[in-house]
Amino acid sequence: MMEFVMLHLPALQVVVPMLAAPICLLLMRGGLAWMLALVTAVLCFAMSLLLLQQVIETGPISYHLGGWEPPFGIEYRVDAMNAFVLVIVAATSALVLPFARRSIRAEIEPSKQALFYTVFVLCLTGLLGVTITGDAFNVFVFLEISSLATYVLVAMGARRDRRALTAGYTYLVMGTIGATFYVIGLGLLYQATGTLNMEDLAVRLQPLGDLTSVRAGFAFIMVGLALKLAMFPIHAWLPNAYTYAPSVVSIFLAATSTKVAVYVLLRFMFTVFGYDFPVVELSLSTVFLPLAVIAMFVASAVAVFQTDFKRLLAYSSVAQIGYMVLGFSMASVTGLTATMVHLFNHAAMKAVMFMVAGAVVYRVGSTAVASFAGLGRQMPWTMAAMVVGGLSLIGVPLTVGFISKWYLILGALETGDWIIAFMIVASSLIAVIYVWRIVEVAYLTPAPEGAKPVSEAPLSMLIPMWTLALVCIYFGINAELTASIGQTVAEALLNGNGVSPAVAIPEVVPATDGAMEGAAP
Amino acid sequence: MEDSQFLEFVIGRYNYWLVIVLMMVGLYVVVARGNLVKKLVGLNIFQVSVFLFYISVGKVAGGTAPIYVDDPNALYSNPLPHVLILTAIVVGVATLAVGLSLVIRIQRAYGTVEEDDIQIADAGRDASPRAGGASGSSAPTIGGSA
């Protein structure tokens with residue numbers, strides 16, 4: 001039994017949540033659906049850890065769905081990079097769900113709670129699927145599963161504020177345009193190569209670097225994915241979606257969905273096209289690098305002037321995405337390490353901050369910055385977690401944010417780019433301003449006269465929140481684990497050119513079916 | 001002489017021109033129209049143009065439908081892009097369904113599906129979402145003021 005599970009781990013990672021979703025729907029009752037969703041998330045987390053361990057021990061795993069050999073059948077391919085992202089996604093879902101129970105009870109109508117968990121688990125399925133698959137069209141399908149679920153989840157904030165509906169609608173239009181751009185790009189690549197498997201694409205694209213249609217395909221795919229990851233300046237959907245979504249959804253989206261989009265972008269840029277590909281290098285230095293730097297400043301500056309805590313965090317996310325893009329646009333091992341480390345670190349710190357927002361909504365009922373007045377005394381643990389998250393956002397030593405920025409600055413200095421290094425520090429100073437605004441209101445402004453006393457957030461919220469806050473501190477002091485994984489990934493992406501031998505599961509059966517060969521012209 | 005080469009270039013790629021025209025029409029409608037339903041129509045035209053692109057790419061000149069015939073020299077069209085688009089059509093239909101149901105909810109909450117009117121209706125609101133926690137009022141916001 002155990003052997004069977006270990007053998008089919010890559011498939012189970014996606015199949016388990018996929019099957020759990022309809023069962024959640026059939027359970028009808030919010031409480032039961034929550035239990036099932038929690039069990040599913042914990043199982044997914046355990047499976048992702050097993051996969052990561054397996055990958056570190058034996059190298060990349062190639063799983064052939066249905067026993068079809070890779071260029072023809074769909075392949076699930078797990079290497080250090082996506083195993084790491086799988087852990088981020090699954091761990092976030094396992095930590096968000098304990099938090100979700102009370103928060104959802106307060107924010108979603110009872111009759112819709114089971115539906116909420118159904119869609120939530122579907123979203124998890126989509127994100128895990130995007131991350132694990134090695135087939136480029138499969139990425140599109142899973143991307144749309146997760147995106148469609150996300151539109152619904154965002155719109156469920158309509159009970160608190162009707163603007164959630166328009167936020168969900170805008171996200172749907174932008175997200176669909178992004179996904180369609182991705183499909184156009186993929187069509188152009190398919191036309192040139194006749195394959196959809198990422199490894200196979202990487203091999204066949206090598207000699208085709210001068211083909212205009214392949215270059216156009218590259219551009220379409222990059223723009224489509226940039227829309228999905230809310231890269232400046234096409235981030236317009238993100239602030240409203242994060243602000244009006246239910247608290248739990250904001251936590252989950254901020255920590256996972258943009259990270260998965262960054263992963264797909266890296267996968268295409270460095271594995272499928274490869275760093276040597278003519279347009280990749282050009283686009284990194286002329287498009288991604290300048291946009292990342294502008295994002296760091298503009299989005300941080302906009303965050304300073306927000307009067308709503310969640311919207312402030314949303315703009316801060318756009319700025320932090322800028323740091324991730326900056327990391328890989330340096331195209332050095334240190335820069336890519338910074339991106340991978342920051343994927344993990346930003347997931348942890350943004351999840352803490354949005355959990356604080358969720359706890360404040362639960363107790364106070366508003367996320368306006370002004371409503372934080374006096375909370376430093378009344379919700380000491382929640383506000384302390386907020387300070388930890390805030391210090392991480394700034395990048396103060398002994399927090400995870402410092403590790404990310406350390407690698408970013410190292411990367412910038414390696415290439416001799418003093419200006420970029422200086423800008424990283426300068427943009428961190430803007431983060432000091434927006435974090436300080438909240439801290440000041442929470443600790444130095446007394447609660448308004450006659451306001452009802454507010455009690456501390458319940459334990460079911462504090463425990464996930466502080467688990468993540470401790471993660472922020474622990475990996476800020478001892479970054480060996482994240483940094484070593486990040487470095488392994490970065491080296492594999494830049495030097496190995498992505499094509500490395502993998503352990504095939506199930507063992508390749510010879511002579512499948514000749515008819516499939518017609519697929520490749 | 002030059003004219004005929006140019007014509008050949010245009011006519012030989014007529015499927016791409018059609019796709020590009022449809023694509024631009026779709027994107028234009030999404031951007032230019034304020035009506036939320038019309039925006040979805042534009043989005044669908046945009047998606048359909050991509051479907052046509054895939055399907056025309058899969059056609060092999062002189063090839064028959066990819067159904068096995070008893071002839072060793074039979075030339076088949078490539079079925080794979082067609083199958084991919086079958087999946088993409090399902091995704092497109094699901095997106096349209098979610099989009100339309102959102103429009104219905106927006107219509108109930110605001111009483112309109114015009115983007116400008118929605119913006120006017122929300123103009124006076126605070127930046128923060130309305131209270132809705134355990135201690136706040138949790139009145140549903142359905143039945144807007146527009």
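The following exchange concerns a predicted model of two chains, A and B.

Biologist: How many residues of chain B are in contact with chain A, and how many residues of chain A do they meet?

Modeller: Taking contact to mean heavy atoms within 4.5 Å, one can list the residues on either side of the interface in this predicted model. On that basis the residues of chain B in contact number 51, and those they meet in chain A number 50.

Biologist: What area is buried between chain B and chain A, and which three residues of chain B supply more of its share than any other three?

Modeller: The area buried between the two chains is about 4300 Å², and carbon and sulfur atoms give 66% of that area. Within the part that chain B buries against chain A, three residues together supply 13%, more than any other three, and these are B:Tyr54, B:Leu102 and B:Pro129.

Biologist: Which residues form the salt bridge across the interface of chain B and chain A?

Modeller: The rule finds one salt bridge across this interface, and the count of residue pairs in polar contact between the chains, both at pLDDT 80 or more, is eight. In the salt bridge the closest N and O atoms are 3.3 Å apart, and since the cut-off is 4 Å the pair qualifies. The two partners are A:Arg162 and B:Asp122.

Biologist: Which element gives the most to the side of chain B that touches chain A?

Modeller: Four helices of chain B, namely α2 (14–32), α3 (36–58), α4 (79–110) and α5 (115–122), each supply at least two residues of the side that touches chain A. By class, that side has 32 nonpolar, 13 polar and six charged residues. With 16 residues, the element that gives the most is α4(B).

Biologist: How many cavities of 30 Å³ or more are there, and what is the volume of the largest cavity?

Modeller: Rolling a probe the size of a water molecule over the atoms shows where empty space is left. By this rule the count of cavities of 30 Å³ or more comes to four, and the volume of the largest cavity is about 110 Å³.

Biologist: Which helix gives the most to the lining of the largest cavity?

Modeller: The lining includes A:Leu127, A:Leu143, A:Tyr171 and A:Lys228, and by class it has five nonpolar, four polar and one charged residues. Two helices of chain A, α6 (136–155) and α11 (247–273), each supply at least two residues of this lining. The helix that gives the most, with four residues, is α6(A).

Biologist: Which element supplies the largest share of the lining of the second largest cavity?

Modeller: About 80 Å³ of space lies in the second largest cavity, and among the residues that line it are A:Phe140 and A:Thr176 as well as B:Gln47 and B:Phe51. The elements that give two or more residues to this lining are α6 and α7 (163–193) of chain A, together with α3 and α4 of chain B. The lining residues divide into seven nonpolar, three polar and one charged. The largest share, four residues, comes from α7(A).

Biologist: Where does A:Pro233 lie, and where is A:Ala230 found?

Modeller: The peptide bond from A:Phe232 to A:Pro233 is cis, with omega near 0 degrees, while A:Ala230 has a positive phi of about 60 degrees although it is not a glycine. A:Pro233 lies in the loop between α9 (212–228) and α10 (237–244) of chain A, and A:Ala230 is likewise found in the loop between α9 and α10 of chain A.

How values were computed
Residues are numbered from 1 along each chain as its sequence is written. Chains are lettered from A and ligands numbered from 1 in the order in which they are written. This is a predicted model: local features need pLDDT of at least 70, side-chain atom pairs count only at pLDDT 80 or more; totals for chains, interfaces and linings use all residues. Side-chain values use heavy atoms; hydrogens and water are left out. Buried area is the accessible area (1.4 Å probe) that two parts lose on being put together, summed over both. A salt bridge is a side-chain nitrogen of Lys or Arg within 4 Å of a carboxyl oxygen of Asp or Glu. A polar contact is a pair of N or O atoms within 3.5 Å; within protein, one must be able to donate a hydrogen and the other to accept it, and residues adjacent in sequence count only if both atoms are side-chain atoms. Ala, Val, Leu, Ile, Met, Phe, Trp, Tyr, Cys and Pro count as nonpolar, Asp, Glu, Lys and Arg as charged, and the others, Gly among them, as polar. On a 1 Å grid over the protein atoms alone, a cavity is a set of points where a 1.4 Å probe fits but cannot get out, and a pocket is an open set with protein on both sides within 12 Å along at least five of seven lines; lining residues have an atom within 4 Å of a point. Grid points are joined across faces, edges and corners, and a volume is the space filled by probe spheres set on the points.
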